[in-house]
Every structure is written in C-alpha cells, then in structure tokens.
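Work through the exercises below with the sequence and the structure at hand. Each one has a task and a solution in steps.

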Amino acid sequence: MQVSDRSGGTVRHDDLGAGLVGTALQAMIFARSSGRWDEAHAAARAVTARPLTGHPTQASLYRGVPALAYALHLADHPAYARTRAELAAETIAIVADRVDTGLRRMDSGRPPRMAEYDLISGLTGLGAFLLRSERGRALERVLHYLVRLLTEPVTVAGHQVPGWWAADSPSGTTEHGTFSTGHANLGLAHGMPGPLALLALAARAGYSVDGQDKALDEGITVLTHWAQPHASGTIGWPGPLPLDTFLAGPTPATKPQRPSWCYGTPGIGRALQLAALTRHDDQARQTAEQAVLDSITDPLHLTQLSDATVCHGWAGLLLTCDHVAADAKTSGIAHQLPKLRAQLNRHLVQHEIPQDAGLLEGNAGVRLTLHTLHTPRPADLGWETCLLLN
C-alpha cells in the first residue's frame, strides 16, 4: 500500500530507502539525542497503521518487516519492545527462508539474481540487520552463505565467473542485449562489495565462520584487480560489467564514475578498506584510501554530483568519507572533509533539503547525515550499518 508524501508523489509506507520507515528511523535517532519522542511515535504509527511486507521473496532490510525491525531496534524505546521482538522473530524466519533458497540455488550451480544477495533487497542487507541486533545462528548462516558466494565460482556461457555474478541486468531485469548473460556488479549497494563489507564488519565485531578469511581475500583480490586508472591519473572502479568486458579485464577509463555511496568509488573504497583492515593487508588498504582521496579531489569526479541525497549525492559522499577517514592510515581524506561539508551546505542553500521521504533518496538521510556529522555526537548508535559503513 502506498501513501502520499510532501512532494505530492506516492511513497511506500514500509520502505526504508524511499519511504516512511526511513522517516521514522530519522525521527527515532533524533529522539534518542533530544529525549523528545512525539515525532518518532507519530512516525511509527504512520508505518504500522498498514500491513507490512513480510513475504520472504519481497521483504528485505529496506522493505517491510525487517526494515521496521531495524528502525525499532535502533530506537531502543520500551514502547516498542513487544513489536520489536515480534518483528525480529519474523525477520529471522524470513532470513531462514532466504538462506535455504540461496543454498539450493548454489547447489544447482546456477548464478544468483542480484536481489538474492545485495544490500538493498538481499541477504547482505538482512545480515546487516542481524549484525546490528539479533546475531546468533541466523547471522552465522548468512555469513556461511556469503562465504560460499565469494569463494565458489559458477559457469556462465561456458566461462567460469565468480559466484556473485548476477544473472540479471543492473536494473534487475532479464535482457537480450548488453547484459543478456548477466553482469559483474562492483557497487556497494547492489554488488560484491556489499557481502565483502558485511563479512569484514562481522569479523571486526568478533563474528566469523569457516572460510571467512578466504572470502575476504578473494574480495580484496577482485577489487584491487579492478582498481583501474583514469585519464586524469586517478584510480577508481568501473560500473556494471557485461561478460565480455569482465573477461577482457581492466582497461584505463576515460571518465570516472560519479563518486556516490551506492555505486561509486567512495562506497567501494570503504568496502575494500574494511576488508583490508580485517586482513591486515596494507597494500589493499592503501589502494582503497588513495582511490577515495582521488574521488574527492578530482573535479571530474565531483562535478558529476547533482543532489544532496545519501544514495547518489553529497550527503552519502560526506558520510562515507567520514568513516573512511576515521580508519585511514594518513590524514589526507580527513583534511578534505571540511571542503565536502561546505559543498553539501552550499548545495542545500541553493536547493534546500529534498522533500521526498526516505533514507537513501529523501530528506531523512540528509538530515541524519547533518545530525551525525554537524552536531556534538551522542553515543554511537551505528545507524549507518544499513549502509555498510560501520
């Protein structure tokens, strides 16, 4: 079911990225800082007034039962205790179904569709919820699944490709053209860096399974291999790769990708940095941090940003780089943060905060970024785990 937002369009009430769950999450984080819960409670009522998506093929960290479970966990308010427990139990059941389905697909030797494992729709996102909240056996099963995803190749059109090769196109549909045999996705939101980042974050939190180190090493190898040079002298990663381009290997790129959280170098660089830190791989760490630094100092990168959002714009870039800088070996990225904050503030003066709902594409994500980075910080609530940044 959909409801209207302030921009006059429609928005799914149980969507974290572009709907009212994102708005509720923002209100709850603000309430934990201020102690004033009226707005947060109103936002929660707006979400729960309608049925939540709970079918395993549709529910994910960013939609339905798991999305609201994530927000209520971060709220940590006694008024939500019963609902939070019920939603957590439903989410664990969803995870079990999704893992079983994914393992059956693996055993068949077929490549996955992108939404089986990615952050937004798949098991990586559900694993992020479990890492932040429930953990236990359900998280262990997700980690085992992701290890197999990163270490067990599949065969596509007679060629051996990584197990995370997406059988569909970057849009999630089946095509007969460029992506008729699927694609390699290197974006944090939808590709292999998502599972890599989650495995690294789990290891940092003390959770590991057999094969996890090997999976981290495999992911590091892929991302360092595909850190291709640009004509400007910088390095970064390409967009979605069709089979022939992937098999041919990296080539110098004439133009870098937009430096976004979702698909761009900053998000990919953070995933590589997290994995490198976990595996004590100084060379990979240096590659990750240099690529991120390049992306925020090269005008060819920055001129491609045109909005303030977390997914594609200045807020996501700033938030990602803040986390990269906190773990970086050198201070170069940290020195650029004031400039990035000024760019975001200047954009907001000229264009105002987006009026759409949601964490990724709307005002909730921008407001949370400003709250997190521009005000004296409360206790670290870790809401950015849904972005795989911490």
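The exercises that follow concern a predicted model.

**Exercise 1. Cysteines**

Determine how many disulfides the whole structure has, and explain the result for cysteine 262 and cysteine 311.

Solution. Step one is the cut-off: two cysteine sulfur atoms count as a disulfide when they lie within 2.5 Å. Step two is the distance. For the sulfur of cysteine 262, the closest cysteine sulfur belongs to cysteine 311, 3.7 Å away, and this is too far for a bond. Taken from the other side, the sulfur of cysteine 311 has cysteine 262 as its closest partner, again at 3.7 Å. Step three is the total: the search of the whole structure gives zero disulfides.

**Exercise 2. Buried or exposed**

Decide whether cysteine 262, cysteine 311 and arginine 285 are buried or exposed.

Solution. A residue is buried when its relative accessible area is under 20%, and exposed when it is over 50%. Cysteine 262 has 4% and is therefore buried. Cysteine 311, with 9%, is buried. Arginine 285 has 16%, so it counts as buried. This arginine belongs to helix α12, residues 282-297. Apart from neighbours within four places in sequence, arginine 285 is in contact with Ala276, Leu277, Asp327, Ala328 and Lys329.

**Exercise 3. The largest nonpolar core**

Find which residues of the largest nonpolar core touch the most other members, then list the contacts of tryptophan 164.

Solution. The core holds 126 residues, and those touching the most other members are Met28, Tyr62, Trp164, Trp261 and Leu387. Next, take tryptophan 164 and set aside residues up to four places away in sequence. The residues that tryptophan 164 touches include Pro112, Tyr117, Leu149, Leu150 and Phe246. Asn185 is also among them.

**Exercise 4. Two buried residues**

Compare the places and contacts of leucine 72 and histidine 183.

Solution. Start with leucine 72, which lies in helix α3, residues 65-75. Its relative accessible area is 2%, so leucine 72 is buried. Beyond its neighbours within four places in sequence, leucine 72 is in contact with Met28, Tyr80, Thr83, Arg84 and Leu87. From leucine 72 to proline 240 there are 168 residues in sequence and 34 Å in space, C-alpha to C-alpha.

Histidine 183 sits in the loop between β4 (159-161) and α8 (193-204). With a relative accessible area of 0%, histidine 183 is buried. Its contacts, leaving aside neighbours within four places in sequence, include Met114, Trp165, Asp168, Pro170 and Pro240. Histidine 183 and proline 170 are 13 residues apart in sequence, and their C-alpha atoms are 7.2 Å apart.

**Exercise 5. The largest pocket**

Describe the space in the largest pocket and its lining.

Solution. The largest pocket has about 360 Å³ of space. Its lining has 17 residues, and Pro56, Thr57, Arg98, Ala115 and Glu116 lie nearest the centre. Two or more lining residues come from each of α4 (81-108) and α5 (114-117). The element giving the most is α4, with four residues. By type, the lining splits into seven charged, five polar and five nonpolar residues.

**Exercise 6. Positive phi**

Inspect aspartate 76 and alanine 157, and state phi and place for each.

Solution. Aspartate 76 is not glycine, yet its phi is positive, near 50°. Aspartate 76 is in the loop between α3 and α4, and at 47% relative accessibility it counts as partly exposed. Alanine 157 also has a positive phi near 50°. Alanine 157 is in the loop between β3 (154-156) and β4, and its relative accessible area of 54% makes it exposed.

Conventions:
Residues numbered from 1 in each chain as written. Predicted model: local features only at pLDDT ≥ 70, side-chain atom pairs only at ≥ 80, totals over all residues. Heavy atoms only, no water. Buried < 20%, exposed > 50% of the residue type's maximum accessible area, 1.4 Å probe, protein only. Core = buried A, V, L, I, M, F, W, Y, C linked by side-chain atoms within 4.5 Å. Contact = heavy atoms within 4.5 Å. 1 Å grid on protein atoms, 1.4 Å probe; cavity = no way out; pocket = protein on both sides within 12 Å on 5 of 7 lines; lining within 4 Å. Points joined across faces, edges and corners; volume = space filled by probe spheres on them. Nonpolar A, V, L, I, M, F, W, Y, C, P; charged D, E, K, R; others polar.
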